[in-house]
Amino acid sequence: MPAIVLVGAQWGDEGKGKATDLLGSRVEYVVRYQGGNNAGHTVVVGERSFALHLLPSGILSPDCTPVIGNGVVVDPGVLFEEIAGLQQQGIDTSRLLISPDAHLITPYHVTLDKVAERFLGKSRIGTTGRGIGPTYADKVARLGIRVQDLFDESILQQKVEAALDLKNQILVKIYNRREISVAEITDYLLEFADRMRPMVVDTSQVLNKALDADRVVLLEGGQGTLLDVDHGTYPFVTSSNPTAGGACTGAGIGPTRINRVVGILKAYTTRVGSGPFPTELLDEDGERLRTIGHEFGVTTGRDRRCGWFDAPIARFAGRVNGLTDFFLTKLDVLSGWEKIPVCVGYRIDGGTTEELPPSQSDFHGAEPIYELLPGWQEDISEVRDFNDLPPNAQSYVEFLEQVSGTRISAIGVGPDRDATIVLHDLLD
């Protein structure tokens, strides 16, 4: 059975949790393949709302095995805090599997993340301050601490010593912070060893065997395409690869296993943090989108920047991810506008383009070219059939599909678990 990838098609926060949870009852494995607790998913189940930061959304489905892959960076304190929170709400977390090759976020990573961001001042990137970037930096520099290191105290101590040798110099001499002791970090990490041990297995082997046995594996990315460290609005990006290619390296499966890649796409656009945003609205419409759409970061609580739908971004996401389908979310938020602008291209230095410019400078200065579509006034949150949508809402969806270049297979019309219109079965 081929694997399916769900990836954010904008700057993250598109509603991947809803899409994953929708499919979670029909798949047997849901895998987080990158990122850490800088991502956030809100999933509404009945009267209850669950905020997930590190755990795969599939953990809410009783027949699904949630997996944290090798490409994820894990803050053990956050992990067990999130597990405890779900257990208190009656959610079974005993099925969770964690790759031994996943890297650990330590207290010194969090400290370095926060002081470095403050040091940058107006040039700051807008990180969440969770230690994600420094942990990935250590991974690439071969100074990282992995989950498996918790089970060998001697190796753990050696690795912490090696990591802190330079970091303490930076903390003390550049940032005027106190030195962090090796024993402090080692003792802190060892506190999690016994609790984490039962969860740790060779997840790459587990997933490949599952695929061999015709099990359905869903691969879930955090953040979004334009936050990808290679393909996003660098340097205002995350430190990993949320794009579909990252699913292979971050889960330990080959690309020939994947035959469907679903991009999650809001009916408008949002982003958190600094960086270019051509369709951003700094007026009443932007505030209205933020209020109606509850556009506040699940992880940070920060206001999300809001703007109209951007077709060049959607086309770019389709290209770099090889998307087969779009899952359009939050269509209900747009109810009530008389006219709804859609960005179909940009004006740059006197010329026009319908594609995302490869130059960062050009993208920063891009002026959106809008096409106005008629809006609708009706509440659509109870609609479950496309033909029951107001005609203008149908036309809006059809126009987005046309200008995005990828078919729209599902439409979110509200936060509830069942508030979805399915046009094409994502597992068929």
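**Figure 1. Burial and overall dimensions of the protein chain.** Of the 428 residues in the protein chain, 57% are buried. The model shown is predicted. Its secondary structure comprises 13 helices and 19 strands. The C-alpha trace spans about 65 × 50 × 40 Å along its principal axes. A compact globule with 428 residues would have a radius of gyration near 22 Å, and the value of 22 Å for the protein chain agrees with this. Where residues at least 6 apart in sequence are in contact, 76% of these contacts join residues at least 24 apart. The accessible surface of the protein chain amounts to about 17,700 Å², and carbon and sulfur atoms account for 48% of that area.

**Figure 2. The aromatic cluster of Phe 80, Tyr 188 and Phe 192.** Aromatic rings whose centres lie within 6.5 Å are taken as a pair, and the count for this structure comes to six aromatic pairs. One of them joins Tyr 188 and Phe 192, with ring centres 5.1 Å apart and planes at 75°; the pair is therefore edge-to-face, since planes over 60 degrees apart fall in that class. The two partners differ in burial: Tyr 188 is partly exposed, with a relative accessible area of 25%, whereas Phe 192 has a relative accessible area of 6% and is buried. Ring pairs link these two residues with Phe 80 into a cluster. Arg 195 lies over the face of Phe 80, at 4.5 Å from the ring centre.

**Figure 3. The edge-to-face pair of Trp 308 and Trp 337.** The rings of Trp 308 and Trp 337 form an aromatic pair, 5.7 Å from centre to centre and with 80° between the planes, which is an edge-to-face arrangement. This pair links distant parts of the chain, as the two residues are 29 residues apart. Trp 308 belongs to the loop between β12 (305-307) and β13 (309-310), while Trp 337 belongs to the loop between β14 (325-329) and β15 (339-348). Both Trp 308 and Trp 337 are buried. Trp 337 has a further partner in Arg 288, whose charged end sits over the ring at 3.9 Å from its centre.

**Figure 4. Surroundings of Ser 381.** Ser 381 is found in the loop between β17 (367-374) and α13 (391-404). Its side chain is joined to that of Asp 379 by a polar contact of 2.9 Å. With neighbours within four places in sequence left aside, Ser 381 is in contact with Val 413 and Ala 419.

**Figure 5. Asp 152 and Leu 190.** Asp 152 occupies a place in the loop between α4 (132-140) and α5 (153-173). Its relative accessible area is 34%, so Asp 152 is partly exposed. Leu 190 is 38 residues from Asp 152 in sequence, and the distance in space is 9.4 Å, C-alpha to C-alpha.

**Figure 6. Pro 62 and Thr 93.** Pro 62 has its place in the loop between β4 (48-52) and β5 (65-68). Its relative accessibility is 66%; Pro 62 therefore counts as exposed, the limit for that class being over 50%. Thr 93 is 31 residues from Pro 62 along the chain, and the C-alpha atoms of the two residues are separated by 9.1 Å.

Methods
Residues numbered from 1 in each chain as written. Predicted model: local features only at pLDDT ≥ 70, side-chain atom pairs only at ≥ 80, totals over all residues. Heavy atoms only, no water. Phe/Tyr/Trp six-rings, centres within 6.5 Å; stacked < 30°, edge-to-face > 60°. Buried < 20%, exposed > 50% of the residue type's maximum accessible area, 1.4 Å probe, protein only. Helix = DSSP H or I, 4+ residues; strand = E, 2+ residues; numbered from the N terminus. Lys NZ or Arg CZ within 6 Å of the ring centre and 35° of its normal. Polar contact = N/O pair within 3.5 Å; in protein donor to acceptor, adjacent residues only side chain to side chain. Contact = heavy atoms within 4.5 Å. Rg over C-alpha atoms; globule rule 2.2 N^0.38 Å. Areas by Shrake-Rupley, 256 points an atom, 1.4 Å probe, with all protein chains shown as cover.
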